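User: I should like to learn how to read the features of a structural model, step by step. Where should one begin?

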Amino acid sequence: MQRRYGLWHNMPRYVAIFFHYLAQYIKTKMAYRADFFIYAFSDLLLQSVNLIFLLVVFTKVPAIKGWTRDQVLFIYGFFLVPFAIYSGFFNHLFDVPEKYVLQGEMDRVLVRPLNAWYQVVIETMNPELLVGMFAGIALMIYSGQAMHLELIWWDIPLALVMVLGATLIYAGVYTFLASLGFWTEGNIGLMPMVYNLSNYGRYPMTVYRGPIRFILTWVLPFAFVGFYPATLLMHRYEFIGYALLTPVVGVIAFALAYRVWVAGIRRYRGTGS
Amino acid sequence: MTMAAISLLPGGMALSAEHRWSPPSHLGNRIMLYIELIRMEFVNNLAYRSSYLTGIFNYSIQIGAYFFLWDAIYSGRRILGGLNKEEMITYVIVAWVVRSFYFSNLDRRVAVEIREGKIALELIRPYNYQMVKFARAFGEALFRMLFFALPAGIFFYLIRPFGLPAGWPNGLIFLVTIAGSFVINAQISMIAGFLAFFTQSTSGIYRAKRVVMDLFSGLLLPISFYPDWARDIIKLFPFQVVSYMPNLIYLGKITGAAALKVVILQLFWVAVLGVIGFFFWRFAVKHVVIQGG
């Protein structure tokens, strides 16, 4: 019988390989221990800039377009959780056009009996950046308490589903952009732009005008990585329809992007050297 | 960022510097050397014109976020931190456009050279290391001014007209102060590069520097927004003369003698940072020697 190497047929093997990669990663990083911890810590520091910005602005105004300080902090806190997962695992998909396509690293990946996308992700991961999740969770707890948010039984499972959906959106968008590299054969500089746009998702959508809100909801759906799901988790129900769409949008975004990826892999011909 | 891609162009530059070098007995030769370096860096950057184009769109998205935020923050309010809404939008756009001019990755360049021991080669060359770095950074800054900051400014003006400088004296002093912004930012970057040598971690230092500059230079929000105690602390550092004060001169919030005082304050910080940079350099060089680099 032909052996199948797809992710779904070999889950335990894929998990085991993840831990092998992780062990190697930790070994290499431990050679520069201080740098490793400072890197993870300074990532939090970069995020703190936005936090300080918001805290200072809210000393001057009580609310922004009907969103109080604590609500805006809560949205930001939620945003940090999928953002940390993205930073830890999908950020380096931007290496694909240059490193994997142009320089032909993909050759090595493709001859191995393991899903190519999975290999690229675990080869380029920075799992220490997951610490950002704790900052996000702490911020949600702090702001949730400040606005006297009562925990309901479905909050935690819902939060998990929302984070999963938001993560799939990140994975989808970046997989799609990385896949374009198979056609452009090199970096076209879209990644930083999309990254900057993704940061729009951490503020209330009511801040933006119609066209921008439309883009952030239906084209590059970054409204679903922060604002929409966060509103539901803080029990504001004006956007419940959008919020509940988060996992659906995530699955669709990732499924579409993955198809583009597969088409890209088919197109890939190596560097010929 | 696209800028990161345009970081190191080592070989060619050093060669050309050597090629042009003649005995440093004469001050004119020295100056010619630095002018040549500025020119070379400018020309080198011409090769990356197209990446600056995407850089402009990139900046638009970033500035856009702040534009929408401030627009929302001001809804129903007239004045915050001494600025009205139009002034704030002008402030944000001018701050970012000027940043696109003075921004440099000197910290990375210096730290890499020190860590990889390339600095040893620099030491045997008959020129002032820091001055050479500043000259090259200035060449790049001039390039950015022409191919990035100016087109970006015009582009933003076409999308969303913002305020022009408050009168020609302020406009002129503003231009002088942004030259100062470049020098002070370059000096701070240089010192951060030296610091990276002592701390084992380079990425931590770059990021810490970036956080400090973003928050305390006034790039993200005017210093007048901070609580009094924070302002008192920020005053003790050179950061606010990089962005905040030039922007206020542009807006006409600081005029006349007060504006000239900003220029003098910048000169003061250039001198102080120059001394600090000198000692850091000496210290770093000693460490290289000890390590046998």
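User: In what order do the elements of chain A run from the N terminus on?

Analyst: The model is a predicted one. Reading chain A from its N terminus, the order is α-α-β-β-α-α-α-α-α-α-α-α-α-α. In total, chain A has 12 helices and two strands.

User: What does the radius of gyration of chain A agree with?

Analyst: A compact globule of 273 residues would have a radius of gyration near 19 Å, and the 20 Å of chain A agrees with this. Along the principal axes, the C-alpha atoms fill a box of roughly 60 × 45 × 40 Å. Of the 273 residues in chain A, 38% are buried. Among contacts in chain A with a separation of 6 or more, 81% join residues 24 or more positions apart.

User: How many residues does each chain bring to the contact?

Analyst: The size of an interface is often given as the accessible area lost when the parts come together. Here a residue count serves: 28 residues come from chain A and 31 residues from chain B. On the side of chain A that touches chain B, α2 (33–57) and α9 (190–198) of chain A each give two or more residues. The most come from α2(A), with 13 residues. That side of chain A comprises 19 nonpolar, six polar and three charged residues.

User: Why is helix α11 of chain B described as largely enclosed?

Analyst: Eight of the eight residues of α11 of chain B (residues 244–251) are buried, so the helix is largely enclosed by the rest of the structure. Among them are Y244(B), P246(B) and L251(B). After α11(B) comes G252(B), with a positive phi near 85 degrees.

Note on methods. Residues are numbered from 1 along each chain as its sequence is written. Chains are lettered from A and ligands numbered from 1 in the order in which they are written. This is a predicted model: local features need pLDDT of at least 70, side-chain atom pairs count only at pLDDT 80 or more; totals for chains, interfaces and linings use all residues. A residue is buried if 20 or more other C-beta atoms lie within 10 Å of its own, exposed if 12 or fewer, and partly exposed in between; C-beta atoms are placed from the backbone. Helices (H or I, at least four residues) and strands (E, at least two) are DSSP runs, numbered from the N terminus. The radius of gyration is taken over C-alpha atoms; the globule rule is 2.2 Å times the number of residues to the power 0.38. Two residues are in contact if their C-beta atoms, placed from the backbone, lie within 7 Å. Ala, Val, Leu, Ile, Met, Phe, Trp, Tyr, Cys and Pro count as nonpolar, Asp, Glu, Lys and Arg as charged, and the others, Gly among them, as polar.
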